[in-house]
Amino acid sequence: QARLVESGGGLVQAGDSLSLSCVASGFTFRQWNMGWYHQAPGKERDAVAWINANGNAEYADSVKGRFKISRNNSNNTLFLHIDNIKPEDTGTYFCVRIAHMQAPPTIWGQGTQVTVSL
């Protein structure tokens with residue numbers, strides 16, 4: 001059974017950097033495009049970054065320059081690195097599997113919570 005498990009969230013201060021991880025299992029990770037979604041408190045989930053099987057990345061305009069998505073196919077892990085984190089980055093971050101870049105996810109992780117304090 002395909003599964004995604006995120007980690008790395010927590011309480012950070014504005015301006016810090018943060019790295020999130022997502023370990024995939026139950027499917028051939030290297031063959032799939034992947035992505036990250038962000039859900040701010042009281043809001044809908046928004047896609048923030050995508051990466052294809054070859055490692056090419058795309059970003060939502062709102063996070064370009066601060067977010068970096070990457071992957072390690074040898075250990076089935078997806079990463080999201082956030083620089084200069086801002087209070088508006090607070091929320092739950094979800095790792096997702098996608099059939100095509102920017103397509104709706106086919107599988108969601110359970111999410112990891114990030115809280116940014118001033």
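1. Strands here are DSSP runs of type E with at least two residues, numbered from the N terminus. Thr112 belongs to one of them, strand E11. The coordinates are a predicted model, and the points below should be read as comments on that model.

2. Thr112 is worth inspecting. This residue is classed as buried because its relative accessible area is 9%, and the cut-off for buried is under 20%. A polar atom of the Thr112 side chain is placed 3.1 Å from the backbone nitrogen of Gly9. Setting aside residues up to four places away in sequence, Thr112 touches Glu6, Ser7, Gly8 and Gly9, and also Leu20, Gly91, Thr92 and Tyr93. Gly9 therefore appears both in this contact list and as the backbone partner of the Thr112 side chain.

3. Next, the strand pairings of E9. How many bridges pair E9 with E11? There are 3, and the two strands run in the antiparallel sense. In one of the pairs, Gly91 has Val114 of E11 as its bridge partner. E9 also pairs with E4, antiparallel, over 7 bridges; here Gly35 is matched with Val96 in E9. A further antiparallel pairing, over 3 bridges, links E9 to strand E10, residues 105-108. Val96 takes part in this pairing too, standing opposite Trp108 in E10.

4. Is E9 mostly covered or mostly open? E9 is mostly covered, with 8 of its 8 residues buried. The hairpin that E9 forms with E10 has 6 residues between the strands, and within that hairpin Gln102 takes a positive phi near 65°.

5. On the interior: the largest nonpolar core holds 26 residues, and the ones with the most contacts inside it are Leu4, Met34, Trp36, Leu78, Leu80 and Tyr93. Two or more residues of this core come from each of strands E3 (18-25), E4 (33-39), E5 (45-51), E7 (67-72), E8 (77-82), E9 (91-98) and E11 (112-117). Which element gives the largest share? E3 does, with 4 residues. There is also a second, separate core, made of 5 residues, among them Tyr37, Phe94, Val96 and Ile98.

6. E8 has pairings with two strands to look at. E3 is joined to E8 by 6 bridges, with the strands antiparallel, and E7 pairs with E8 over 6 bridges, also antiparallel. Thr77 of E8 figures in both: Val23 stands opposite Thr77, and so does Asn72. The hairpin of E7 and E8 has 4 residues between its strands, and Asn76 in that hairpin has a positive phi near 55°.

7. Thr77 itself lies in strand E8. Why does this residue count as buried? The reason is its relative accessible area of 7%, against a limit of under 20% for buried residues. A polar atom of its side chain lies 2.9 Å from the backbone oxygen of Asn75. Apart from neighbours within four places in sequence, Thr77 is in contact with Ser21, Cys22 and Val23, with Phe29, and with Ser70, Arg71 and Asn72. The two residues that stand opposite Thr77, Val23 and Asn72, are thus among its contacts.

8. Arg45, in strand E5, differs in exposure. Arg45 counts as partly exposed because its relative accessibility is 36%, which falls between the 20% and 50% limits. Its side chain makes a polar contact of 3.2 Å with the side chain of Gln39. Not counting residues up to four places away in sequence, Arg45 touches Tyr37, His38, Gln39, Phe94 and Trp108. Of these, Tyr37 and Phe94 also belong to the second core. For orientation, Arg45 and Asp89 are 44 residues apart along the chain, with their C-alpha atoms separated by 12 Å.

9. Last, the largest pocket. Its volume is about 210 Å³. The lining consists of 15 residues, and those that lie nearest the centre are His38, Val48, Ser62, Val63 and Glu88. Which strand gives the most to the lining? E5 does, with 3 residues. His38, which is one of the residues nearest the pocket centre, is also touched by Arg45.

Conventions
Residues are numbered from 1 along each chain as its sequence is written. This is a predicted model: local features need pLDDT of at least 70, side-chain atom pairs count only at pLDDT 80 or more; totals for chains, interfaces and linings use all residues. Side-chain values use heavy atoms; hydrogens and water are left out. A nonpolar core is a set of buried Ala, Val, Leu, Ile, Met, Phe, Trp, Tyr and Cys residues joined through side-chain atoms within 4.5 Å. Buried means under 20% relative accessible area, exposed over 50%, partly exposed in between (1.4 Å probe, protein chains only). Two strands pair if DSSP finds at least two bridges between them. A polar contact is a pair of N or O atoms within 3.5 Å; within protein, one must be able to donate a hydrogen and the other to accept it, and residues adjacent in sequence count only if both atoms are side-chain atoms. Contact means heavy atoms within 4.5 Å. On a 1 Å grid over the protein atoms alone, a cavity is a set of points where a 1.4 Å probe fits but cannot get out, and a pocket is an open set with protein on both sides within 12 Å along at least five of seven lines; lining residues have an atom within 4 Å of a point. Grid points are joined across faces, edges and corners, and a volume is the space filled by probe spheres set on the points.
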